[in-house]
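Q: Please zoom in on the core of this structure for me. I'd like to go slowly and see what packs against what.

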Amino acid sequence: MLSDEVASVLGDSRTVLDIGCGDGTISKLSADKKGNGVTFSGIDVMARPTCAIDFKLFDGYTIPHPDNSFDTCMFIDVLHHLNHIKEIIAEAKRVSSKYIIIKDHLYSTQLDYGILKFMDWVGNKPHSVGVIFNFKKEEFWRNLFDELGLEIVQFNKNVPLYPFPFNMIFGRDLHFVALLKVKK
């Protein structure tokens, strides 16, 4: 389960900003699993009818919080919806004092890319979330993290999200969870 992956990389984080939090479910489940007083807040460009965590709207570009105001910022399946990936991660680095967690997708082949497009469309169109299919290869992610001065603490491509046999099609290294240390 994705919330298990998030909870496992939170470390000593006490305050977490979920950027693109949606309805806040992943944050709420991660907080429940982690325990120890970790607090999640969320921001998103769309308001959902309900949100499981404290939430505020934002413009999608400038995070409405001061520098170093959270231990950790996270993006869960958000970045492939944007054309300004580098800029929003730089914003997360600005407001995070310790870590950035990213769960997103990567592909190696055109078949992988096609599967990701199908998954994105099925998972997001019903919620009116924009689908631009901005999936990247692993090399892109690693180069971007280096360029932004983020140290890769963990880069996990074995993220078990689906039951057998669906994981053989929709899992298989198409997802990653990265724990990145913010270097100031």
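A: Contact here means heavy atoms within 4.5 Å. Two housekeeping notes: this is a predicted model, where local features need pLDDT of at least 70, side-chain atom pairs count only at pLDDT 80 or more, and totals for chains, interfaces and linings use all residues. Residues are numbered from 1 along each chain as its sequence is written, and side-chain values use heavy atoms, with hydrogens and water left out.

Let's start with helix α3, residues 85-95 (helices are DSSP runs of H or I with at least four residues, strands are runs of E with at least two, numbered from the N terminus). Its buried residues are Ile85, Ile88, Ile89, Glu91, Ala92, Lys93 and Val95; buried is under 20% relative accessible area, exposed is over 50%, and partly exposed is in between, using a 1.4 Å probe and protein chains only. Those buried residues have plenty of company: they pack against the strands β1, β4, β5, β6 and β7, and against helix α5 as well.

Now for the core itself. The largest nonpolar core holds 29 residues, and Phe75, Ile89 and Phe145 touch the most other members (such a core is a set of buried Ala, Val, Leu, Ile, Met, Phe, Trp, Tyr and Cys residues joined through side-chain atoms within 4.5 Å). Who chips in? At least two residues each come from β1, β4 (70-76), α3, β5, α5 (138-147), β6 (150-156) and β7 (175-182). Helix α3 gives the most, with five residues.

Click on Phe145 to see how busy one core member can be. Not counting residues up to four places away in sequence, Phe145 touches Ile89, Ile102, Leu150, Ile152, Phe155, Phe176, Ala178 and Leu180. Apart from this core lies another one, of 16 residues, among them Val9, Met74, Ile76 and Val159.

Val9 takes us to helix α1, where it is one of the buried residues, along with Leu2, Ser3, Glu5, Val6 and Ala7. Six of the eight residues of α1 (residues 2-9) are buried, so this helix is largely enclosed by the rest of the structure. The cover over those buried residues includes α2, β4, β5, β6 and β7. Look just past the end of α1, too: Gly11 takes a positive phi of about 55° there.

Next, hop over to strand β5, which is where you'll find His105. With a relative accessible area of 8%, His105 is buried. Leaving aside its neighbours within four places in sequence, His105 is in contact with Asp77, His80, Leu116, Met119, Phe135, Lys136, Trp141, Leu174, His175 and Phe176. You've met Phe176 already, on the list of residues that Phe145 touches.

For contrast, finish at Asp54, in strand β3 (residues 54-57). Asp54 has 60% relative accessibility, so it counts as exposed. Leaving out residues up to four places away in sequence, Asp54 touches Phe40, Ser41 and Gly42. Asp54 and Leu17 sit 37 residues apart in sequence, and their C-alpha atoms are 9.9 Å apart in space.

To pull it together, keep your eye on α3: this helix gives the most to the largest nonpolar core, and its Ile89 is among the residues there that touch the most other members. Then compare the ends of the tour: His105 is buried, while Asp54 is exposed.
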